[in-house]
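Student: I would like to learn how to read a protein model step by step. Could we begin with the surroundings of the ligand and then move outward?

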Amino acid sequence: MESRLKALEKEARLEIKEASSIEALEKARVHYLGKKGELTKILRGMGALKAEERPLIGKMANTIRENIGDELDKAKKVINDKELEKKLQSETIDVTMPGKEIKIGKRHPLTQAMDDLKDIFISMGFEVAEGPEVETVYYNFDALNAPEDHPSRDMSDTFYINENIILRTQTSPVQVRVMEKTKPPIRIVSLGRCFRNDTPDATHSPMFHQIEGLVVDKGITMGDLKGTLGVFAKHFFGPDTQIKFRPHNFPFTEPSAEVDATCFKCGGKGCSVCKGSGWMEVLGSGMVHPNVLKNCGIDPEIYSGFAFGMGIDRLAMQKYEIDDIRLLFENDMRFIEQF
Ligand code: DAH
């Protein structure tokens, strides 16, 4: 029995040495040390041994089991190391190879203008409000004091979905929605898409963007409007920018004014950007009409407010000297990357 055990050990060591894969080692382990393996088979004959021989053979069998186990572990480690080495070699990277260029996007000039506008007005204590792009005639016209026969209501100017529902033509309806829900003091700006039934050309797009501003509180005057817009113009166009008011008419403000700013390019001397006038038309504004306040449940005897609205596409075109509004919506990276 002793010699059979020794022969088994020898045979196992040889097989382990020759094994070239983890699977072959596992097969060897089952073959020699498994429940039905060779070692067990030999030990089944223990009963035929003399009593004093049994512990010796038992000890020997344990040693052999341990030795074979150790050999298996060692061989496994060698194979694993070899495989790792192979993998590392096949996966080495050549750090001298030229890298692949990753194209980083760029904020669209309109997004940049909107972010700038938000920053400026938020820094003055305004909050950003939102309203729907698909609006009702009530919010877009009626509540804003637009007369029944106002030309902007016409089908040729406005996209109607049905008699009462339209695509908003301005961001002004957000004023009404905010005033209906909020008690003064109110200080909001609202930025977003507007739609008009215009044929696209260099200065018109049926989809464009506006920012609307609204302040309502006790004792708000035209002076507050002028101060606020002056700060805005200096931040947006440059610290030397001056503004001037021209009388105008909007249904939802009384009095109303259009606001011009000195040309950021020439500072007021006159150049190609301002077409020689030294001024750029920037926005519409005025004191909120008492009828609009009343329509929203705010008492015009107690409160007053100012409002203003600007075309963001126009602002961006002025600031970045873009001469065709359609370029803003073509999504050509060669154009967008310039700003
Ligand atoms: N909604 C006007 C437009 O689309 C712009 C405007 C003018 C907004 C005066 C105002 C305002 O809030 O007070 O032409």
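Tutor: Let us begin with the character of the shell, keeping in mind that this is a predicted model. The residues of the shell around the ligand divide into 4 nonpolar, 9 polar and 2 charged.

Student: How many residues surround the ligand, and which are the closest?

Tutor: The ligand is surrounded by 15 residues, and the closest of them are Q170, S172, R196, Q210 and E212.

Student: Which polar atoms of Q210 and Q175 should I look at beside the ligand?

Tutor: A polar contact is a pair of N or O atoms within 3.5 Å, so a distance between such atoms is what to look for. In the side chain of Q210, a polar atom lies 2.8 Å from an oxygen atom of the ligand, and in the side chain of Q175, an N or O atom is 3.1 Å from an oxygen atom of the ligand. F308 takes part through its backbone, where a polar atom is 3.4 Å from an oxygen atom of the ligand.

Student: How much of the ligand does the protein bury?

Tutor: Here one compares the ligand taken alone with the ligand in its place. Alone, the ligand exposes 360 Å², and the protein buries 89% of that area. As for the elements that give two or more residues to the shell, they are β5 (207–217), β8 (279–288) and β9 (304–311).

Student: S172 was in your list of the closest residues, so where in the chain is S172 found, and is S172 buried or exposed?

Tutor: The general idea is that a residue counts as buried when its relative accessible area is under 20%. S172 is found in the loop between β3 (165–167) and α7 (173–181), and its relative accessible area is 3%, which means that S172 is buried. Leaving aside neighbours within four places in sequence, S172 is in contact with L144, E212 and F252.

Student: What can be said of T169?

Tutor: T169 has its place in the loop between β3 and α7, and T169 is buried because its relative accessible area is 4%. The side chain of T169 makes a polar contact of 3.0 Å with the side chain of N140. Apart from its neighbours within four places in sequence, T169 is in contact with several residues, including N140, F141, C194, R196 and Q210.

Student: Why should I look for nonpolar side chains that are buried together?

Tutor: In soluble globular proteins, nonpolar side chains tend to be buried together. In this model the largest nonpolar core has 42 residues, of which L117, F121, F232, F308 and M310 touch the most other members. If residues up to four places away in sequence are not counted, F121 touches F126, V189, I211, T228, F232, F308 and M310. A second, separate core has 21 residues, among them A129, V178, L214 and Y303.

Student: How many residues of α10 are buried, and what covers them?

Tutor: For a helix, one asks which residues are buried and then which elements lie over them. In α10, 7 of the 9 residues are buried, so the helix is mostly covered by the cut-off of under 20% relative accessible area. Those buried residues are I312, D313, L315, A316, M317, Q318 and Y320, and what covers them includes α5 (109–123), β4 (186–195), β5, α8 (222–237), β8 and β9.

Student: Where is R326 found, and which residues does R326 touch?

Tutor: R326 is found in the loop between α10 (312–320) and α11 (333–336), and at 35% relative accessibility R326 counts as partly exposed. Not counting residues up to four places away in sequence, R326 touches P200, D201 and A202. The C-alpha atoms of R326 and T203 are separated by 7.9 Å, although these residues are 123 residues apart along the chain.

Student: Which peptide bonds are cis, and where is a positive phi found?

Tutor: Most residues other than glycine have a negative phi, and most peptide bonds are trans. A cis peptide bond joins P184 and P185, with omega about 5 degrees, and another cis peptide bond joins E254 and P255, with omega about -5 degrees. P185 has its place in the loop between α7 and β4, whereas P255 is found in strand β7 (residues 253–262). As for phi, N145 has a positive value of about 70 degrees, and N331 has a positive value of about 55 degrees.

Key. Residues numbered from 1 in each chain as written. Predicted model: local features only at pLDDT ≥ 70, side-chain atom pairs only at ≥ 80, totals over all residues. Heavy atoms only, no water. Near = heavy atom within 4 Å. Polar contact = N/O pair within 3.5 Å; in protein donor to acceptor, adjacent residues only side chain to side chain. Areas by Shrake-Rupley, 256 points an atom, 1.4 Å probe, with all protein chains shown as cover. Helix = DSSP H or I, 4+ residues; strand = E, 2+ residues; numbered from the N terminus. Nonpolar A, V, L, I, M, F, W, Y, C, P; charged D, E, K, R; others polar. Core = buried A, V, L, I, M, F, W, Y, C linked by side-chain atoms within 4.5 Å. Buried < 20%, exposed > 50% of the residue type's maximum accessible area, 1.4 Å probe, protein only. Contact = heavy atoms within 4.5 Å.
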